[in-house]
Amino acid sequence: MDTTLDSVRIGRFMHAERVLMDPHDAYTVHARNGDTIGLVEWYPRWKEYVFLPDDRSALSHQCLRDMAMFLCKAKRWDAE
């Protein structure tokens, strides 16, 4: 996974842009064509990041797997 300070590639078809928030960052998630497909944000009740898809967003099994890996990495980055 290619990471920079403000943009993170999620698999082959998505990328996330970090939105600085306190105490946990959030990420807008975009399709390869630039369309926003959802938001990743901290869910305090579960103490982890969750993906909140926009209406009518559709993800294949591969994209869901890539998103799950991104959620795990976001939690690790948050702990650093």
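Modeller: Let us begin with a yardstick: the expected span of a helix is 1.5 Å multiplied by one less than the number of its residues. Please also keep in mind that what you see above is a predicted model.

Colleague: How does the span that helix 1 should have agree with the distance between its end C-alpha atoms?

Modeller: Helix 1 has 19 residues, so at 1.5 Å a residue it should span 27 Å, and its end C-alpha atoms lie 28 Å apart, which agrees.

Colleague: Which residues of helix 1 are buried, and which are exposed on the other side?

Modeller: The general idea is that an α-helix has 3.6 residues a turn, so residues three or four places apart point the same way. In this model the buried residues of helix 1 are Cys63, Asp66, Met67, Phe70, Leu71 and Ala74. Because these cover an arc of only 150 degrees around the axis, they lie on the same side of helix 1, while His61, Arg76 and Ala79 are exposed on the other side. As for what covers the buried residues of helix 1, the elements include strand 1, strand 2, strand 3, strand 4 and strand 5.

Colleague: Which residues have the most contacts inside the largest nonpolar core?

Modeller: In soluble globular proteins, nonpolar side chains tend to be buried together. Here the largest nonpolar core holds 17 residues, and those with the most contacts inside it are Val29, Val40, Met67 and Phe70. Two or more residues each are given to this core by strand 1 (7-10), strand 2 (14-19), strand 3 (26-31), strand 4 (36-43), strand 5 (48-53) and helix 1 (61-79), and the largest share, five residues, comes from helix 1. To see one member in detail, look at Val29: leaving aside residues up to four places away in sequence, its contacts include Ile10, Met14, Ala16, Val40, Phe51 and Met67.

Colleague: In what sense do strand 3 and strand 4 pair, and how many bridges join strand 4 to strand 5?

Modeller: Strand 3 and strand 4 pair in the antiparallel sense over four bridges, with Thr36 of strand 4 as the bridge partner of His30. The hairpin of these two strands has four residues between the strands, and there Gly34 takes a positive phi near 100 degrees. Strand 4 and strand 5 also run antiparallel, joined by six bridges, and Leu39 stands opposite Leu52 in strand 5. In the hairpin of strand 4 and strand 5, which likewise has four residues between the strands, Lys47 takes a positive phi near 55 degrees.

Colleague: What joins Asp6, Arg18 and Asp25 into one network?

Modeller: Side chains of opposite charge can pair when their charged atoms come close. The count in this model comes to two salt bridges. Asp6 forms a salt bridge with Arg18, their closest N and O atoms being 3.7 Å apart, and this pair links distant parts of the chain, since Asp6 lies in the segment before strand 1 and Arg18 in strand 2, twelve residues apart. Arg18 forms a salt bridge with Asp25 as well, with the closest N and O atoms 3.5 Å apart. Salt bridges that share partners thus join Asp6, Arg18 and Asp25 into one network.

Colleague: Is each of Asp6, Arg18 and Asp25 buried or partly exposed?

Modeller: Asp6 is partly exposed, with a relative accessible area of 47%, and Arg18 is partly exposed too, at 26%. Buried means under 20% relative accessible area, so Asp25, at 16% relative accessibility, counts as buried.

How values were computed: Residues are numbered from 1 along each chain as its sequence is written. This is a predicted model: local features need pLDDT of at least 70, side-chain atom pairs count only at pLDDT 80 or more; totals for chains, interfaces and linings use all residues. Side-chain values use heavy atoms; hydrogens and water are left out. A nonpolar core is a set of buried Ala, Val, Leu, Ile, Met, Phe, Trp, Tyr and Cys residues joined through side-chain atoms within 4.5 Å. Buried means under 20% relative accessible area, exposed over 50%, partly exposed in between (1.4 Å probe, protein chains only). Contact means heavy atoms within 4.5 Å. Two strands pair if DSSP finds at least two bridges between them. The arc is that of the directions from the helix axis to the C-beta atoms. A salt bridge is a side-chain nitrogen of Lys or Arg within 4 Å of a carboxyl oxygen of Asp or Glu.
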